[in-house]
Amino acid sequence: SDPFFSLFAHTDKNTSIHSRIIWTCDWTFDSKYFVTGSRDKKLIVWGNVSSAGRTEGSSQGVIRPCSSVLDVGDAATAVSFSPVTSLDESYILAVGLDCGNILLYKWKPHENSPANADWMKCLQLGKSQCHTLTVKRLRWRRSVGRAGYDDENDSNWLQLASCSTDHSINICNVNRLSL
């Protein structure tokens, strides 16, 4: 019988792009990609290489970076992909930082794109909307719309929750049309 748990893919010191501890990761809503964030201030999106790259009988996948390396300026402590894409079909990614800031990026996979052409910074939340200490967790509401509003099924709105070591929780409304 199949094991309950088995290693699918991995990186090591020779294949890793991060130079410091990886503190956070998340899958895209369609499970095609996942992102890692690290104390080295870098974000990288990873994906599975086609099965043609696998050896016969190998159960481990071949993963590789699918994005340029993004420097977010401070240690990345929390990441979360939204449950839908932006209007231009880019993935929407929230990034929480060690300093308490929250950034929103769009990422679109491109073959052979110039450095950082696949990333677009959309928003840095204002000081009144950010935390004063490390962002520990980010989570998008699974359904579109704003809870408690008449537009609960309006696909133009998303909600992002964050929590921090400053003992606070924030819920932000994000207008998808403005990204």
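**Exercise 1. Find the residue of β12 that is the bridge partner of L160, then place that pair in its sheet.**

Solution. Start with the pair itself: L160 has C172 as its bridge partner in β12. (Strands here are DSSP E runs of at least two residues, helices are H or I runs of at least four, and both are numbered from the N terminus.) A quick word on the model: it is predicted, so local features need pLDDT of at least 70 and side-chain atom pairs count only at pLDDT 80 or more, while totals for chains, interfaces and linings use all residues. Residues are numbered from 1 along each chain as its sequence is written, and side-chain values use heavy atoms, with hydrogens and water left out.

Next, step out to the strands. β11 covers residues 157-164 and is joined to β12 by seven bridges, with the two running antiparallel. Two strands pair if DSSP finds at least two bridges between them.

Now the whole sheet: it's open, has three strands in the order β10-β11-β12, and pairs antiparallel. β10 (135-140) and β12 (169-175) are the edge strands, each pairing on one side only. From one strand to the next, the twist averages 20 degrees (axes are lines fitted to C-alpha atoms, for helices over the stretch in contact, with angles from 0 to 180 degrees between N-to-C directions).

**Exercise 2. Locate E89 and H167, and decide for each: buried or exposed?**

Solution. Take E89 first. Its phi is positive, about 70 degrees, although it is not a glycine. E89 sits in the loop between β6 (76-85) and β7 (91-97). Its relative accessibility is 54%, so E89 counts as exposed (over 50% is exposed, under 20% buried, in between partly exposed; 1.4 Å probe, protein chains only).

Then H167, another non-glycine with a positive phi, near 70 degrees. You'll find H167 in the loop between β11 and β12. With a relative accessible area of 78%, H167 is exposed.

**Exercise 3. Identify the residues that touch the most other members of the largest nonpolar core, and the element that gives the most to it.**

Solution. A nonpolar core is a set of buried Ala, Val, Leu, Ile, Met, Phe, Trp, Tyr and Cys residues joined through side-chain atoms within 4.5 Å. The largest one has 18 residues, and L43, V72, L93 and V95 touch the most other members. Two or more residues each come from β2 (33-38), β3 (42-48), β6, β7 and β8 (102-107). β7 gives the most, with four.

Finally, a second, separate core holds 15 residues, including A78, C130, L138 and C172.
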